Amino acid sequence: MKKKAGGSDGEGGSGSARRAKGSETQVDVLPKEVVLQMVKDMLARLSDEMGDKEEVVVEDDVLLAFTESTCAFIDHLCARARDLCKQSGKETVDADHVLDALKDINFPQFVRDLEAALEAFKEENAGETSEEIATTDECQKQEDEQSSEDS
């Protein structure tokens, strides 16, 4: 049974995906709506490149397969990053561990985009941090002026 991409799956969009029959565990990692939107976007992009203008349809089993494979990829990447962290003698996994793990598990094509996203994230947060510091400094100055006036 096909379903239109973006429609309800009859399970209330709980955000969990069940593993194939016979499996004992349940995957509660990625919301189905997020995976569905990523799949729809990629299929639409590919359809446009091929000149196909038909509506994108994603079956429930396909969505489940994408969800499970994405979870497996994330688990594998996290495990490798954690191993690299331990090998370096650190206790906290950082961005460099994740980037190195991507290279180790043969996905170096993702590294450049992630480094650019990380740099943009750092710049964005650096600006916010500077603003927070400036706000804190301004508040401290006002408190100091007020306390000196009260004295």
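User: Helices are DSSP runs of H or I with at least four residues, numbered from the N terminus. In this predicted model, where does asparagine 106 lie?

Analyst: Asparagine 106 falls outside the helices, and its relative accessible area of 62% makes it exposed. Helix α3 covers residues 95–104, and α4 covers 111–150. The position of asparagine 106 is the loop between α3 and α4.

User: What is the phi of asparagine 106?

Analyst: Most residues other than glycine have a negative phi. Asparagine 106 is not a glycine, yet its phi is positive, at about 70 degrees.

User: Which glycine takes a positive phi just after α2?

Analyst: Helix α2 comprises residues 60–87. Just after α2, a positive phi of about 80 degrees is found at glycine 89.

User: How far apart are the end C-alpha atoms of α2?

Analyst: The expected span is 1.5 Å times one less than the number of residues. Helix α2 has 28 residues, so its span should be 40 Å. The model agrees with this expectation, because the end C-alpha atoms lie at a separation of 41 Å.

User: Is cysteine 85 buried or exposed, and what is its relative accessible area?

Analyst: Residues under 20% relative accessible area count as buried. In α2 the buried residues include Leu63, Cys71, Leu77 and Cys85. Cysteine 71 is buried at 5%. Cysteine 85 is likewise buried, with a relative accessible area of 3%.

User: How many disulfides does the count come to?

Analyst: A disulfide requires two cysteine sulfur atoms within 2.5 Å. Under that rule, the number of disulfides is zero.

User: The side chain of which residue meets that of aspartate 104 in a salt bridge?

Analyst: A search of the whole structure finds two salt bridges. The one at aspartate 104 has an N to O distance of 2.8 Å, and its partner is arginine 80. Aspartate 104 belongs to helix α3 and arginine 80 to helix α2, so the pair ties together parts 24 residues apart in sequence. At 39% relative accessibility aspartate 104 is partly exposed, as is, at 23%, its partner arginine 80.

User: What is the N to O distance in the salt bridge of aspartate 94 and lysine 90?

Analyst: Aspartate 94 is partly exposed at 28% relative accessible area, and lysine 90 is partly exposed at 47%. A salt bridge allows a nitrogen-to-oxygen distance within 4 Å. For aspartate 94 and lysine 90, the N to O distance is 4.0 Å.

User: Which residues do ring pairs link into a cluster?

Analyst: The structure holds three aromatic pairs. Phenylalanine 73 and phenylalanine 107 form an edge-to-face pair, 5.0 Å centre to centre with 80 degrees between the planes. That pair joins helix α2 to the loop between α3 and α4, across 34 residues. The rings of phenylalanine 107 and phenylalanine 110 have centres 5.6 Å apart and planes at 10 degrees, so this pair is stacked, and the ring pairs link into a cluster Phe73, Phe107 and Phe110.

User: What is the area of the nonpolar surface patch made by Met42, Leu43 and Leu46?

Analyst: Leucine 46 lies in helix α1, residues 32–50. Patch residues need over 30% relative accessible area, and leucine 46 is partly exposed at 37%. Together, Met42, Leu43 and Leu46 make a nonpolar surface patch of about 230 Å².

Technical notes:
Residues numbered from 1 in each chain as written. Heavy atoms only, no water. Patch = residues over 30% accessible without salt bridge, like charges linked within 9 Å, V, L, I, M, F, W, Y side chains within 5 Å. Areas by Shrake-Rupley, 256 points an atom, 1.4 Å probe, with all protein chains shown as cover. Helix = DSSP H or I, 4+ residues; strand = E, 2+ residues; numbered from the N terminus. Buried < 20%, exposed > 50% of the residue type's maximum accessible area, 1.4 Å probe, protein only. Phe/Tyr/Trp six-rings, centres within 6.5 Å; stacked < 30°, edge-to-face > 60°.
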